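Q: I have a model on my screen and would like to learn how to read its strands and its core. Could we go through them step by step?

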Amino acid sequence: VQLQASGGGLVQPGGSLRLSCAASGPIFGIKAVGWYRQAPGKERALVAALPSGGSTNYADSVKGRFAISRDNAKNTMYLQMNSLKPEDTAVYYCKFSFYYGDYWGQGTQVTVSS
């Protein structure tokens, strides 16, 4: 399984970005998808998760601003990020959790700055 993340970039505070993560390869038995981020000097942390057949889960810091979604037909997940703040600056990683293991994308940089 290979994951390709895209959509990061430089955006001003208050702006929006949409991250995408496409999975390819032998894909079956997805348990959950999720987005994580890692800021400089900090550990990687969960941003949003979407279990198959379950409810979304968001970090408190992004509730009401970010939305995770998934297109099963395209094996792609998304993270819509609105009202971005400088503290959202980080490398964002996608993760697909299968019954046979977890796979991570390569990371995409999001920088929120004026």
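Q: How many bridges join β1 to β3, and do these strands run parallel or antiparallel?

A: A pairing is read from the bridges between two strands, and in this predicted model β1 and β3 are joined by five of them, with the two strands running antiparallel. Residue by residue, Q4 stands opposite A22 in β3, while A5 stands opposite C21 in β3.

Q: Which strand does β3 meet through six bridges?

A: That strand is β8, which runs antiparallel to β3, and in this pairing L17 stands opposite M81 in β8.

Q: In what order do the strands of this open sheet lie, and which of them stand at the edges?

A: One follows the pairings from strand to strand, and here four strands give the order β1-β3-β8-β7, with antiparallel pairing. Because β1 and β7 each have a single partner strand, they stand at the edges, and one side of each is left without a neighbour in the sheet. From one strand to the next, the twist averages 15 degrees.

Q: Which residues of the largest nonpolar core touch the most other members?

A: Among the 30 residues of that core, they are W35, L79, M81, Y92 and F96. Several elements give two or more residues to this core, including β1, β3, β7 and β8, but the largest share, five residues, comes from β9.

Q: What does F96 touch, if residues up to four places away in sequence are not counted?

A: Its contacts include L3, C21, A23, I30, A32, V33 and M77, and also N75, G101, D102 and Y103.

Conventions: Residues are numbered from 1 along each chain as its sequence is written. This is a predicted model: local features need pLDDT of at least 70, side-chain atom pairs count only at pLDDT 80 or more; totals for chains, interfaces and linings use all residues. Side-chain values use heavy atoms; hydrogens and water are left out. A nonpolar core is a set of buried Ala, Val, Leu, Ile, Met, Phe, Trp, Tyr and Cys residues joined through side-chain atoms within 4.5 Å. Buried means under 20% relative accessible area, exposed over 50%, partly exposed in between (1.4 Å probe, protein chains only). Contact means heavy atoms within 4.5 Å. Two strands pair if DSSP finds at least two bridges between them. Axes are lines fitted to C-alpha atoms, for helices over the stretch in contact, and angles run from 0 to 180 degrees between N-to-C directions.
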